[in-house]
Amino acid sequence: MRFHVITFGCQMNVGDSDWLSRSLLALGWERVPAAEADVVVVNTCSVRKKPEEKVYSLLGRLRDMMQGRPGTFVAVGGCLAQQVGADFFGRFPHVRLVFGTDATASVPQALARLAAEPRLRLSLLDFSEEYAPRERPDLAGGGQVVPDQAFVTIMQGCDNFCAYCIVPHVRGRQKSRAAADVLAECREWLGAGASELTLLGQNVNSYGQDAAGDGTSFAELLYRVAELPGLRRLRFTTSHPKDIAPEVIRAFAELPVLAPHLHLPLQSGSDRILALMGRKYDRARYLEIVAALREARPELTLSTDLIVGFPTETEEEFGETLSVVEEVGFESSFFFLYNDRPGVRSVKIEPKVSEAVKTRRLLELQALQDGLTEKAYAALVGTETEIMYVGRSRVDRDAEGSALAEGLTSWAGRDAWGRVVNVAVSGDADLTGAFARVKIEKAKKHSLTATQLGATWSK
Ligand code: SAM
Ligand code: SF4
Ligand code: F3S
C-alpha cells in the first residue's frame, strides 16, 4: 500500500502524524506523493475557523484527484474529525475512515482492514480513560531518517476548558503518559541519533496530575529526561502559567540542558478578560512568574500566544495587552483573531468585537511585536553563539546582503533560543544536525545572519 499524510494544527498533531507514518513504514507501506497514494490521511485541526476551512477545501481537491482511481480513499483524523465525526461520510464519499484523537494507536490496523474490505467504512471516535499505549515503531525502520530534533508526547487532552477553546472538547480529558514510557521513547530517539528533544502536551505543567498519571510531576520528569546520555537540548511546550511549579522554574537554573527559551501563553493583558477566559491567573501573577524565571535564568527569552478581540474586549483592555507585551519584552508572539468555536462558553458572551476592530488591533500588536523582535535581534549583532544546522537556507545572501560567491552555500541553523541563523559556508556537504560556533553579523526582522568560526562538529 502507498500512503500520504497531510497534517494541520499544532505539534501534537505533527507528533501523531509522525508516529503514524513511522508505523506504516515499519509495516512495509510506501510513502508517496498524494497523487500516487492509495490512501491519503488528513490529520485535522479545529482550533479556529481557518484550519477547519482548509480541511474542507483539501477534501474537495482530493475527491477530484481520486476520481477515476478505484480503491483509493481518504482517512480523516484529529481534532476536526472528533468534532464532525461520521458526518464526513455523507459529505465526502471518498472518506472511509474517521478517527478521533484517542484512536491514533489503532489506525494502522484500521487502514489495513479498509484496504482489504473495499466496501467498509469505519469511525473510531471513542475517548479512552488512559493514555492509549502505542507500539513504538523502529525509528529507523523502512529506511527512515531520524531527525536531529525529536518530539515526545507526554500527555493527551486538556482539563482547563478555557472559555474560547475547543481543545478539551475534541482531545478529551487530560491523560498523562507513564514516565517510564516517556523515558523509554526519549532514550530510543537519542540512541538513534537525535540530539534535541521537545516534550509535548497541551499543558505540560499539569503532567501527572490526573487519574492516568503515575505520580511523577512535570519537574521530576524534566530532571529525569535531562540526565539521559546524548541529550544536548531539551525543550517543552505548552506551558499554562497557572500550573507552573516553583520546581519547574528552578529547573531553568539547575539544568543547563534546558533551552533558555519558554513559550508561555498570556492570551490577554487585561484582568477582566483573563477572568472571562477562565485562565485563572492575572496580569500581576504572570509578571511575577516572568520575574522568577528571569531570576533563575537571566538569558531566558519568552514567546507567547495572544487572542485579539475576545468578546466584550474594550479599547482600554486591549491597551493593557499592549502594555504587558512591552513590559515583558517577548522575543516573538503568535496573535489570533478571536473565533467562536462550536460548544465553547465564549460563544454566549456578548457583544462580539467586530472583524474590522479585531484586525486593526491585531496590526497594532504586530507592529509593537515587530519592534521588540527587531530590538532584541539587533542587540545580538557582534555576539558569538552555538547553532545546530537544520537545513539549507532559503536566503542566498551573505552577511553583507550580497549574492553568494561561487563555492558557498547558505545554511539555516538554530541557536539554543530557537532563533533562525543563516550562515554562508563553503562546499556543498550536508550539514544537517552538525553544530558550529558562529558570530552574528546582521539582524533582520525574523532571522539573523552569521559567519562560522572554525569547523563544525557532530553530536
Ligand atoms: N494549550 C495551549 C495553551 O494553553 O495556551 C495552546 C492551546 S491552542 C492549541 C493554541 C492557541 O490558539 C491558544 O493559545 C490560543 O491563543 C489560540 N486559540 C484557541 N482558541 C481560540 C479561539 N477560539 N479563537 C482564537 N484563538 C484561539
Ligand atoms: Fe485550550 Fe486552555 Fe487547554 Fe490550552 S489550556 S488547550 S487554551 S483549554
Ligand atoms: Fe488544533 Fe487540535 Fe492542536 S484543535 S491546535 S490540532 S490540539
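This passage looks at one helix, one pocket and one loop residue in a predicted model.

Helix α11 is a good place to start. The helix runs over residues 283-296, 14 residues in total, and spans 20 Å between its first and last C-alpha, close to the 20 Å expected at 1.5 Å a residue. Its buried residues are R283, Y286, I289, V290, L293 and A296. When α11 is viewed down its axis, these buried residues lie within an arc of 150°, so they line one face of the helix. The general geometry helps here: an α-helix has 3.6 residues a turn, so residues three or four places apart point the same way. The cover over the buried residues of α11 includes three helices, α9 (246-254), α10 (271-277) and α12 (315-328), together with the strands β12 (261-263) and β13 (301-308).

Attention now turns to the second largest pocket, whose volume is about 520 Å³. Its lining comprises 27 residues, and D18, P147, A150, F151 and W189 are the closest to the pocket centre. At least two lining residues come from each of α1 (11-26), β7 (149-153), α7 (179-192) and β15 (384-392). By residue type, the lining of this pocket holds 15 nonpolar, four polar and eight charged residues.

Finally, what is the setting of E117, and how accessible is this residue? E117 sits in the loop that links α5 (107-116) to β6 (122-124). With a relative accessible area of 34%, E117 is partly exposed. Its C-alpha atom is 9.9 Å from that of G71, a residue 46 residues away along the chain.

Notes. Residues are numbered from 1 along each chain as its sequence is written. Chains are lettered from A and ligands numbered from 1 in the order in which they are written. This is a predicted model: local features need pLDDT of at least 70, side-chain atom pairs count only at pLDDT 80 or more; totals for chains, interfaces and linings use all residues. Side-chain values use heavy atoms; hydrogens and water are left out. Helices (H or I, at least four residues) and strands (E, at least two) are DSSP runs, numbered from the N terminus. The expected span of a helix is 1.5 Å times one less than its number of residues. Buried means under 20% relative accessible area, exposed over 50%, partly exposed in between (1.4 Å probe, protein chains only). The arc is that of the directions from the helix axis to the C-beta atoms. Contact means heavy atoms within 4.5 Å. On a 1 Å grid over the protein atoms alone, a cavity is a set of points where a 1.4 Å probe fits but cannot get out, and a pocket is an open set with protein on both sides within 12 Å along at least five of seven lines; lining residues have an atom within 4 Å of a point. Grid points are joined across faces, edges and corners, and a volume is the space filled by probe spheres set on the points. Ala, Val, Leu, Ile, Met, Phe, Trp, Tyr, Cys and Pro count as nonpolar, Asp, Glu, Lys and Arg as charged, and the others, Gly among them, as polar.
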